[in-house]
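Here are my notes on this one, as numbered points. Have the model open while you read, since I jump between helices a fair bit.

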Amino acid sequence: MIYSRKLIIQKYGGIATTGTPWASTATNGNNNDLKVCRLSEMYFIKAEARANAGDLPGAAAAIIAVRNARNAVSQPIPNYANATAAWADILKERRIEFA
C-alpha cells in the first residue's frame, strides 16, 4: 500500500507557523531538518582522541576548556595519572554537560 499523504510537523517553521515559505530546493523538497552540534561535544571528542593517543595533557586541556566555559571562575587543570583516569573524567564531564 502506498501512502500519498505527508505528515509535516512544522517544527522549524513554514507557512503555517511563521508565514514564510518552506526551506525548499530542487534536491531537498520541503526539508527543514536542521543539524545542531554543541561545541562542547567537539571538545569531548578531541579529549577522547587525545586520551587514546596517550596525550593526557592535551585531553586535560580540552576538558578544562569545557569547564571554564561552563563556570565563571577558572577551574584547576586536571592532572591525569593514566588514560583510565582521563576517560573517567571525560565521561563524568559528558554526563554533566549533556544532562
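1. A cut-off to begin with: a residue is called buried under 20% relative accessible area, exposed over 50%, and partly exposed in between. By that yardstick L39 is exposed, because its relative accessibility comes to 59%. L39 belongs to helix α2, which covers residues 39–53. Bear in mind throughout that this is a predicted model.

2. Overall layout. The protein chain has four helices and two strands, and reading along the sequence gives α-β-β-α-α-α. The chain has 99 residues, of which 26% count as buried. Its exposed surface is about 7,400 Å², with carbon and sulfur atoms supplying 58% of that. As for contacts with a separation of 6 or more, 41% are between residues 24 or more positions apart.

3. Back to L39 for a moment. Which residues join it in a nonpolar surface patch? The partners are M42 and I45, and the three residues together make a patch of about 290 Å². I45 also turns up among the contacts of R94, so keep it in mind for point 6 because R94 is a buried residue, at 18% relative accessible area.

4. Now the inside. In soluble globular proteins, nonpolar side chains tend to be buried together. Here the largest nonpolar core has 12 residues: F44, A47, A51, L56, A59, A60, A62, I63, V66, Y80, A86 and I90. Helices α2, α3 (56–70) and α4 (83–97) each put in at least two of these core residues. Helix α3 gives the largest share, with six residues.

5. L56 is a good core residue to click on. Setting aside residues up to four places away in sequence, L56 touches Y80, A81, N82, A83 and A86. Of these partners, Y80 and A86 are listed in the core along with L56.

6. Next, R94 in helix α4. Is this arginine buried or exposed? R94 counts as buried, because its relative accessible area is 18%. Not counting residues up to four places away in sequence, R94 is in touch with E41, F44, I45 and E48. One of these, F44, is a member of the largest nonpolar core. For a distance check, the C-alpha atoms of R94 and V66 are 9.7 Å apart, with their positions 28 residues apart along the chain.

7. Side chains of opposite charge can pair when their charged atoms come close. The structure holds 10 salt bridges. One of them pairs E48 with R94, at 2.7 Å from N to O. This pair links distant parts of the chain, as E48 is in helix α2 and R94 is in helix α4, 46 residues apart. Both E48 and R94 are buried.

8. For another salt bridge, look at D55 and R50, whose closest N and O atoms are 3.6 Å apart. D55 counts as partly exposed because its relative accessibility is 29%. R50 is also partly exposed, at 31%.

9. Then E93 and R67, a salt bridge with closest N and O atoms 2.8 Å apart. E93 sits in helix α4 and R67 in helix α3, so this pair ties together parts that are 26 residues apart in sequence. How buried are the two partners? E93 is at 3% relative accessibility and therefore counts as buried, and R67 is buried too, with a relative accessible area of 12%. The story goes on from there: salt bridges that share partners join R38, R67, R70, D89, K92, E93 and E97 into one network.

10. Finally, D89, another member of that network. D89 has its place in helix α4 and is buried, because its relative accessible area is 10%. The side chains of D89 and R67 make a polar contact at 2.8 Å. Leaving aside neighbours within four places in sequence, D89 is in contact with I63, R67, P78 and Y80. Two of those, I63 and Y80, are listed in the nonpolar core of point 4, so I would look at D89 alongside that core, given that D89 is itself buried at 10%.

Methods
Residues are numbered from 1 along each chain as its sequence is written. This is a predicted model: local features need pLDDT of at least 70, side-chain atom pairs count only at pLDDT 80 or more; totals for chains, interfaces and linings use all residues. Side-chain values use heavy atoms; hydrogens and water are left out. Patches are made of residues with over 30% relative accessible area and no salt bridge: like charges are joined within 9 Å, nonpolar side chains (Val, Leu, Ile, Met, Phe, Trp, Tyr) within 5 Å. Accessible areas come from the Shrake-Rupley method with a 1.4 Å probe; for residues, only the protein chains shown count as cover. A salt bridge is a side-chain nitrogen of Lys or Arg within 4 Å of a carboxyl oxygen of Asp or Glu. Buried means under 20% relative accessible area, exposed over 50%, partly exposed in between (1.4 Å probe, protein chains only). A nonpolar core is a set of buried Ala, Val, Leu, Ile, Met, Phe, Trp, Tyr and Cys residues joined through side-chain atoms within 4.5 Å. Contact means heavy atoms within 4.5 Å. A polar contact is a pair of N or O atoms within 3.5 Å; within protein, one must be able to donate a hydrogen and the other to accept it, and residues adjacent in sequence count only if both atoms are side-chain atoms.
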